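Student: I am new to this structure and would like to learn why its parts get the labels they do. Could we go through it together?

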Amino acid sequence: METAERFRTAVEKRDLSALDDLFTEDVRFYSPVKFTPFEGRPMVLGLFGVLLRVFGDLRYLGRLDGAAETSADGGEAPSVVLPFRAVVDGKQIHGIDLLQFDGAGRIKEFTVMVRPQSAVHALGQAVLAGLVADGLVPDPAAEQGA
């Protein structure tokens with residue numbers, strides 16, 4: 001089974017361990033709620049641990065194959081777009097996952113786009129809370145009080 005299908009199956013089954021070998025060591029994850037990307041396999045896998053808890057009723061709706069310019073180096077890479085629907089904090093989310101692959105077929109860039117804006121806000125709050133709870137990022141409230 002190729003990488004995009006393995007990814008889709010792992011996410012739909014909420015199997016974090018099945019994602020481990022699908023990413024390059026220096027994978028970059030572009031989030032709809034953070035300006036700079038999450039970088040590196042350990043951080044991206046930690047983020048997916050949070051996402052798999054946050055997204056309810058996640059289902060992929062299809063697949064589009066092609067090629068697209070990457071953000072990191074501007075080169076064209078084989079790419080797959082996976083449209084999805086999910087629920088976060090009671091809000092229906094419509095989105096796409098853009099997976100871009102290296103020469104070995106591993107995911108080197110991952111971009112998520114979601115709508116509507118109220119769902120983006122709910123997603124951002126839920127993911128930040130999960131990242132703080134898992135010790136992946138500092139608590140911004142604690143930093144403000146320091």
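**Reading the labels**

Tutor: Let us start with one residue: Leu45 touches Leu16, Leu19, Asp20 and Phe23, leaving out residues up to four places away in sequence.

Student: What makes these count as contacts of Leu45?

Tutor: Contact means heavy atoms within 4.5 Å. Leu45 meets that rule with Leu16, Leu19, Asp20 and Phe23. The C-alpha atoms of Leu45 and Leu19 are separated by 7.5 Å, and the two residues are 26 residues apart along the chain.

Student: Before we go on, what kind of model is this?

Tutor: This is a predicted model, where local features need pLDDT of at least 70, side-chain atom pairs count only at pLDDT 80 or more, and totals for chains, interfaces and linings use all residues. Residues are numbered from 1 along each chain as its sequence is written, and side-chain values use heavy atoms, with hydrogens and water left out.

Student: Thanks! Why is Leu45 called buried or exposed?

Tutor: The rule goes by relative accessible area: buried means under 20%, exposed over 50%, and partly exposed in between (1.4 Å probe, protein chains only). Leu45 has 14% relative accessibility, so Leu45 counts as buried. In the protein, 42% of the 146 residues count as buried.

Student: Where is Leu45 found?

Tutor: Leu45 is found in helix H2. Helices (H or I, at least four residues) and strands (E, at least two) are DSSP runs, numbered from the N terminus. The protein has four helices and seven strands, and from the N terminus on its elements run α-β-β-α-β-β-β-β-β-α-α.

Student: How do H2 and H3 lie, and why is that called oblique?

Tutor: The axes of H2 (residues 41–54) and H3 (residues 117–133) come within 9 Å and cross at roughly 125°. Axes here are lines fitted to C-alpha atoms, for helices over the stretch in contact, with angles from 0 to 180 degrees between N-to-C directions. Angles under 35 degrees count as roughly parallel, over 145 as roughly antiparallel, 65 to 115 as roughly perpendicular and the rest as oblique. The crossing angle falls in the last group, so H2 and H3 are oblique to each other.

Student: Which residues meet where H2 and H3 touch?

Tutor: From H2 come Leu47, Val50, Leu51, Arg53 and Val54, and they meet Leu123, Ala126, Val127, Gly130 and Leu131 of H3. By class, this contact has eight nonpolar, one polar and one charged residues. Here Ala, Val, Leu, Ile, Met, Phe, Trp, Tyr, Cys and Pro count as nonpolar, Asp, Glu, Lys and Arg as charged, and the others, Gly among them, as polar.

Student: Now Val120: what makes it buried?

Tutor: The relative accessible area of Val120 is 16%, so Val120 is on the buried side of the cut-off. Val120 has its place in helix H3. Apart from neighbours within four places in sequence, Val120 is in contact with Pro32, Val33 and Val114.

Student: And why do the two threonines, Thr24 and Thr111, get their label?

Tutor: Thr24, in strand E1 (residues 23–30), has a relative accessible area of 5% and is therefore buried. Thr111, in strand E7 (residues 107–115), has 13% relative accessibility, so Thr111 counts as buried too. Beyond neighbours within four places, Thr24 is in contact with Arg41, Asp102, Arg106, Ile107 and Lys108. Thr111 touches Tyr30, Ile96, Asp97 and Leu98, not counting residues up to four places away.

Student: What makes Arg14 partly exposed and Asp57 exposed?

Tutor: Arg14 has a relative accessible area of 37%, which means partly exposed, while Asp57 has 55% and is therefore exposed. Arg14 is in the loop between helix H1 (3–12) and E1, and Asp57 lies in strand E3 (residues 56–60). Phi of Arg14 is near 55°, a positive value in a residue other than glycine. Asp57 also is not a glycine, and has a positive phi of about 50°.

Student: Finally, how do you know that the protein agrees with a compact globule?

Tutor: The globule rule is 2.2 Å times the number of residues to the power 0.38, with the radius of gyration taken over C-alpha atoms. For 146 residues the rule gives a radius near 15 Å, and the protein has 15 Å, so the two agree.
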